[in-house]
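Please take a moment to look over the sequence and the model below before reading on. The paragraphs that come after are meant to be read with the structure in view.

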Amino acid sequence: YAHFGGKRMVTTVELKVNYFAPVREGKLTARAHLRRIGSSLGIGQVDLHDGEKRLVGIAIVTYKLL
């Protein structure tokens with residue numbers, strides 16, 4: 001949505017989350033990356049890190065560009 005300056009709507013087609021380690025306390029940080037933007041689909045990835053900057057999970061999202 002932000003990539004298109006709010007001018008093109010999107011909807012989620014698929015969302016997959018892989019958890020690598022539990023986070024029982026402290027800060028959890030999510031950082032999103034656009035991996036590919038096509039004419040009708042977009043692929044994003046979110047990396048999840050704990051307070052010690054260890055990768056504790058990832059999410060891969062497929063968006064339909066409306």
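What follows is a walk through this predicted model, from the chain as a whole to a few of its residues.

It helps to begin with the secondary structure, which comes to zero helices and four strands, so that, read along the sequence, the chain follows the pattern β-β-β-β. The radius of gyration of the chain is 14 Å, well over the 11 Å that the globule rule gives for 66 residues, and the chain is therefore more spread out than a compact globule. A box taken along the principal axes to hold the C-alpha atoms would come to roughly 40 × 20 × 15 Å. Of the 66 residues in the chain, 21% are buried, and the chain exposes about 5,100 Å², of which carbon and sulfur atoms supply 53%.

How are the four strands arranged in the sheet? They form an open sheet in the order S1-S4-S3-S2, and the pairing is antiparallel. Strand S1, residues 10-19, and strand S2, residues 29-37, stand at the edges with a single partner strand each, which means that one side of each is left without a neighbour in the sheet. From one strand to the next, the twist averages 20°. As a general point, strands of a sheet pair through backbone hydrogen bonds, and this pairing can be either parallel or antiparallel.

Strand S4, which covers residues 55-65, is a good place to follow the pairing in detail. Nine bridges join S1 to S4, and these two strands run antiparallel; along this pairing, Asn18 stands opposite Ile58 in S4, while Lys16 stands opposite Ile60 in S4. Strand S3, residues 41-49, is also joined to S4 by nine bridges, again with the strands running antiparallel, and here Gly42 has Tyr63 in S4 as its bridge partner. In addition, S3 and S4 form a hairpin with five residues between them, and in this turn Lys53 has a positive phi of about 65°. Looking at contacts over the chain with a separation of 6 or more, one finds that residues 24 or more positions apart account for 48% of them.

Which charged side chains meet in salt bridges? The structure holds two such salt bridges. In one, the side chains of Asp50 and Arg54 meet with a distance of 2.7 Å from N to O, and in the other, Glu52 pairs with Arg54, their closest N and O atoms being 3.8 Å apart. The two acidic residues can be described by their relative accessible areas, where a value under 20% counts as buried and a value over 50% as exposed. Asp50 has a relative accessible area of 8% and is therefore buried, whereas Glu52, at 60%, is exposed. Through salt bridges that share partners, Asp50, Glu52 and Arg54 are joined into one network.

Finally, the reader may turn to the loop between S1 and S2, where Arg24 has its place. Is Arg24 buried or exposed? Its relative accessible area is 76%, so Arg24 is exposed. Arg24 also gives a sense of how far apart two parts of this chain can lie, for Arg24 and Ser39 are 15 residues apart in sequence and yet 40 Å apart in space, taken from C-alpha to C-alpha.

Definitions and conventions:
Residues numbered from 1 in each chain as written. Predicted model: local features only at pLDDT ≥ 70, side-chain atom pairs only at ≥ 80, totals over all residues. Heavy atoms only, no water. Pairing = 2+ DSSP bridges. Axes fitted to C-alpha atoms, helices over the stretch in contact; angles between N-to-C directions. Rg over C-alpha atoms; globule rule 2.2 N^0.38 Å. Buried < 20%, exposed > 50% of the residue type's maximum accessible area, 1.4 Å probe, protein only. Contact = heavy atoms within 4.5 Å. Areas by Shrake-Rupley, 256 points an atom, 1.4 Å probe, with all protein chains shown as cover. Salt bridge = Lys/Arg side-chain N within 4 Å of Asp/Glu carboxyl O.
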